[in-house]
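Welcome! Take a moment to turn the structure around on your screen before reading on. The report below is meant as a friendly guided walk.

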Amino acid sequence: VLRARGAATHFAPGSRKHRPLQQTALPNLFLAGDYVKGLEHGAEGLSQERALVSGFVAANMAMGVMEESGWSAREPGSLRRQQVLELSADEPHVQLLRAAWLRQQ
């Protein structure tokens, strides 16, 4: 097991509301990473998977802007986008534990 100081991202409690959205005020600038908010995929926490999916979504949004504005030399709809699968519903045991946790709160 290797340990590296500062290898994991840490955010202060309550800082979630200050996270940036993927889409910015600039029409062709999109953010990606586990820290972005507004991504309806996966846990709201920090993870490699969330960072990966946000990168796919940002790239797809950038390709959409390229096609809409004529920056792409290809025909509209011809840029190959990364498919992001919808999340499946929680498994029954997860639903049960989540419900129990919420009742306890």
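What follows is a short tour of this predicted model, from the whole chain down to single side chains.

## The whole chain

Let us begin with the broad picture. The protein chain holds 2 helices and 0 strands. Of its 105 residues, 20% are buried. The accessible surface of the chain comes to about 8600 Å², and carbon and sulfur atoms account for 57% of that surface. Contacts can also be sorted by how far apart the partners sit in sequence: among those with a separation of 6 or more, 31% join residues that are 24 or more positions apart.

## Two helices

Helix α1 covers residues 48-69. It has 22 residues, and the distance from its first C-alpha to its last is 32 Å, close to the 32 Å expected at 1.5 Å a residue. Just after α1 comes Gly 70, with a positive phi of about 85 degrees.

Helix α2 covers residues 92-104. With 13 residues, it reaches 18 Å from end to end, counted between its first and last C-alpha, and this is close to the 18 Å expected.

How many of the 13 residues of α2 are buried? The number is 0, so α2 lies largely in the open. Helix α1, on the other hand, does have buried residues, including Val 53, Val 57, Met 63 and Val 65. Polar and charged names appear on that list too, among them Arg 50, Ser 54, Asn 60 and Glu 67.

## Two salt bridges

Side chains of opposite charge can pair when their charged atoms come close. In this model the count comes to 2 salt bridges. One of them joins Arg 81 and Glu 67, at 2.9 Å from N to O. Arg 81 sits in the loop between α1 and α2 while Glu 67 belongs to helix α1, so this pair ties together parts that are 14 residues apart in sequence. Are the two partners buried or exposed, or in between? Arg 81 is partly exposed, with a relative accessible area of 32%, whereas Glu 67 is buried at 14%.

The other salt bridge is formed by Asp 90 and Arg 98, whose closest N and O atoms are 2.1 Å apart. Asp 90 is partly exposed, with a relative accessible area of 35%. Arg 98 also counts as partly exposed, at 43% relative accessibility.

## A buried charge without a salt bridge

Now look at the segment before α1, where Asp 34 has its place. Asp 34 is buried yet has no salt bridge. Why does its nearest side chain of opposite charge, Arg 50, not make one? Arg 50 is 7.0 Å away, and a salt bridge needs a nitrogen within 4 Å of a carboxyl oxygen, so the pair does not qualify. Leaving aside neighbours within four places in sequence, Asp 34 is still in contact with several residues, including Arg 19, Gly 45, Ser 47 and Arg 50.

## Side chains that reach the backbone

Three glutamine and asparagine side chains come up next, each with a backbone oxygen as partner. The table lists them.

| Side chain | Backbone oxygen of | Distance |
|---|---|---|
| Gln 22 | Ser 54 | 2.8 Å |
| Asn 60 | Gln 82 | 2.8 Å |
| Gln 95 | Asp 90 | 2.8 Å |

Gln 22 lies in the segment before α1 and is buried, with a relative accessible area of 7%. Not counting residues up to four places away in sequence, it touches Leu 29, Phe 30, Val 57 and Met 61, among others. The C-alpha atoms of Gln 22 and Tyr 35 are separated by 9.6 Å, and these two residues are 13 apart along the chain.

Asn 60 is part of helix α1 and is buried, with a relative accessible area of 15%. Beyond four places in sequence, the residues that Asn 60 touches are Arg 81, Gln 82 and Val 84. Arg 81 is already familiar as the salt-bridge partner of Glu 67.

Gln 95 lies in helix α2 and counts as partly exposed, at 43% relative accessibility. Again leaving out residues up to four places away, Gln 95 touches Ala 89 and Asp 90. Asp 90 thus appears twice in this tour: its backbone oxygen is reached by the side chain of Gln 95, and Asp 90 forms a salt bridge with Arg 98.

Methods
Residues numbered from 1 in each chain as written. Predicted model: local features only at pLDDT ≥ 70, side-chain atom pairs only at ≥ 80, totals over all residues. Heavy atoms only, no water. Helix = DSSP H or I, 4+ residues; strand = E, 2+ residues; numbered from the N terminus. Expected span 1.5 Å × (residues − 1). Buried < 20%, exposed > 50% of the residue type's maximum accessible area, 1.4 Å probe, protein only. Polar contact = N/O pair within 3.5 Å; in protein donor to acceptor, adjacent residues only side chain to side chain. Contact = heavy atoms within 4.5 Å. Areas by Shrake-Rupley, 256 points an atom, 1.4 Å probe, with all protein chains shown as cover. Lys, Arg positive; Asp, Glu negative; His and termini not counted.
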